[in-house]
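Student: Pick one part of this model and take me through it closely, then work outwards from there. I'd like the cut-offs spelled out as you go.

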Amino acid sequence: MAFSGVHRDRGELRIHESVEELSTNLADYIADLSEASVKERGVFAIALSGGSLIGLMGKLCEAPYNKTVDWAKWYIFWADERVVAKNHSDSNYKLAKEGLLSKQVPIVPSHVHSINDSLSAEEAADEYEFDIRQLVKTRMVCVSDISDCPKFDLILLGMGSDGHVASLFPNHSVLDVKNQWVSFITDSPKPPPERITFTLPVINSASIVVVVVTGESKAEAVHLAIDDLGPNCPSLPARMAQPTNGKLVWFLDKPAASKLQSVQFCE
Ligand code: 6PG
């Protein structure tokens with residue numbers, strides 16, 4: 001690893017020499033969290049995002065993890081989803097299904113919680129929140145100790161070069177939603193326009209939030225999301241991801257981290 005350390009306010013930084021190294025360490029990290037969660041409470045509730053993240057998680061389906069991870073104890077959710085048919089190339093469900101869930105790992109189909117793709121964005125968000133509420137009641141998903149929000153064991157996020165995470169885009173009113181777990185948008189600047197998304201209170205109630213970012217095109221957003229920029233700091237969604245009682249961890253490659261201040265790479 002090129003750098004590993006803890007930022008004063010913005011969580012743990014893990015900066016990798018290459019995407020390959022990041023991918024190996026990410027698989028290792030998720031496998032360890034899964035083991036700890038299964039040991040502690042018998043299940044592992046993990047929320048995925050779309051985009052390059054799924055490809056970067058691919059090593060989890062290879063040896064040794066395909067055999068050592070207790071897949072049957074996983075409960076899988078999406079931190080955001082595009083409101084399209086499940087077999088549409090834009091679907092995050094399809095992406096995860098083809099990249100992870102159908103890769104000979106024994107995930108229980110009834111543990112996979114995706115949106116109902118026959119509904120409008122608003123209805124899909126409401127139904128998805130209802131679904132999560134049932135799992136919180138039975139404690140398959142924990143409840144936060146400081147709010148009424150679910151406390152996912154792990155929420156995995158990617159980040160766009162505009163600093164969005166999940167489907168929380170800069171300056172969008174969805175960033176202000178406080179009284180819902182899942183909200184929807186119909187005007188996403190990144191296509192497709194209709195999406196559902198975990199709200200900030202849910203993201204910030206997780207035990208662990210991991211943000212995975214690679215490539216130089218995201219270096220400026222990484223800088224704005226992590227560095228201390230004083231009072232004029234732009235309110236980037238990625239900067240608003242700040243678990244209250246949980247842990248924030250950044251998995252970056254060197255190009256994505258190239259504009260970070262005060263990070264000294266190990267030679
Ligand atoms: C989505 C996402 C979104 C994604 C980022 C990063 O469904 O569009 O969940 O938040 O994670 O846009 O995507 P890339 O890693 O592909 O740039």
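Tutor: We'll start at the ligand and then move out through the core, the helices and the loops.

First, the ground rules. This is a predicted model, so to speak of local features we need pLDDT of at least 70, side-chain atom pairs count only at pLDDT 80 or more, and totals for chains, interfaces and linings use all residues. Residues are numbered from 1 along each chain as its sequence is written, and side-chain values use heavy atoms, with hydrogens and water left out.

Now the ligand. There are 15 residues around it, and Ser-52, Asp-80, His-164, Lys-190 and Lys-218 come nearest; being near a molecule takes one heavy atom of the residue within 4 Å of it. By class, this shell splits into 3 nonpolar, 7 polar and 5 charged residues. The classes are simple: Ala, Val, Leu, Ile, Met, Phe, Trp, Tyr, Cys and Pro are nonpolar, Asp, Glu, Lys and Arg are charged, and the others, Gly among them, are polar.

On to the individual atom pairs. An N or O atom in the side chain of Arg-82 sits 2.7 Å from an oxygen atom of the ligand. For Gly-50, a polar backbone atom is 2.9 Å from a ligand oxygen, and for Arg-195 a polar side-chain atom is 3.2 Å from one. As for how covered the ligand is, the protein buries 89% of the 420 Å² that the ligand exposes when taken alone. Those areas come from the Shrake-Rupley method with a 1.4 Å probe, and for residues only the protein chains shown count as cover.

Next, the nonpolar interior. The largest nonpolar core has 96 residues, and Phe-77, Phe-198 and Trp-250 have the most contacts inside it. A core here is a set of buried Ala, Val, Leu, Ile, Met, Phe, Trp, Tyr and Cys residues joined through side-chain atoms within 4.5 Å, where buried means under 20% relative accessible area, exposed over 50%, and partly exposed in between (1.4 Å probe, protein chains only). Helix 1 (residues 19–41) gives the largest share of this core, 8 residues. Helices (H or I, at least four residues) and strands (E, at least two) are DSSP runs numbered from the N terminus.

Trp-250 itself touches Arg-10, Leu-13, Met-159, Val-211 and Ala-225, among others, with residues up to four places away in sequence left out; contact means heavy atoms within 4.5 Å. Ala-225 is also one of the buried residues of helix 7. That helix (residues 219–226) is mostly covered, with 7 of its 8 residues buried, and what covers the buried ones includes strand 1 (3–7), strand 11 (208–213) and strand 12 (247–253).

Another tryptophan to look at is Trp-74, in strand 4 (residues 74–78). Its relative accessibility is 3%, so Trp-74 counts as buried. Beyond four places in sequence, Trp-74 touches Ile-30, Ser-34, Phe-44, Ile-46, Leu-60, Val-69 and His-111. Of these, Ser-34 makes a side-chain to side-chain polar contact with Trp-74 at 3.0 Å. A polar contact is a pair of N or O atoms within 3.5 Å; within protein, one must be able to donate a hydrogen and the other to accept it, and residues adjacent in sequence count only if both atoms are side-chain atoms.

Glu-129 makes a nice contrast in chemistry. Glu-129 lies in helix 5 and is buried, with a relative accessible area of 10%. A polar atom of the Glu-129 side chain lies 3.1 Å from the backbone nitrogen of Val-182, and leaving aside sequence neighbours within four places, Glu-129 is in contact with Gln-180, Trp-181 and Val-182.

Finally, the backbone oddities. Most residues other than glycine have a negative phi, and most peptide bonds are trans. Two bonds to check are Ala-63 to Pro-64, which is cis with omega near 0°, and Pro-191 to Pro-192, also cis with omega about -5°. Pro-64 is in the loop between helix 2 (53–56) and helix 3 (65–68), while Pro-192 is in the loop between strand 9 (182–185) and strand 10 (195–198). For phi, Gln-104 has a positive value of about 60° without being a glycine; Gln-104 belongs to the loop between helix 4 and helix 5 and is exposed at 75% relative accessible area.
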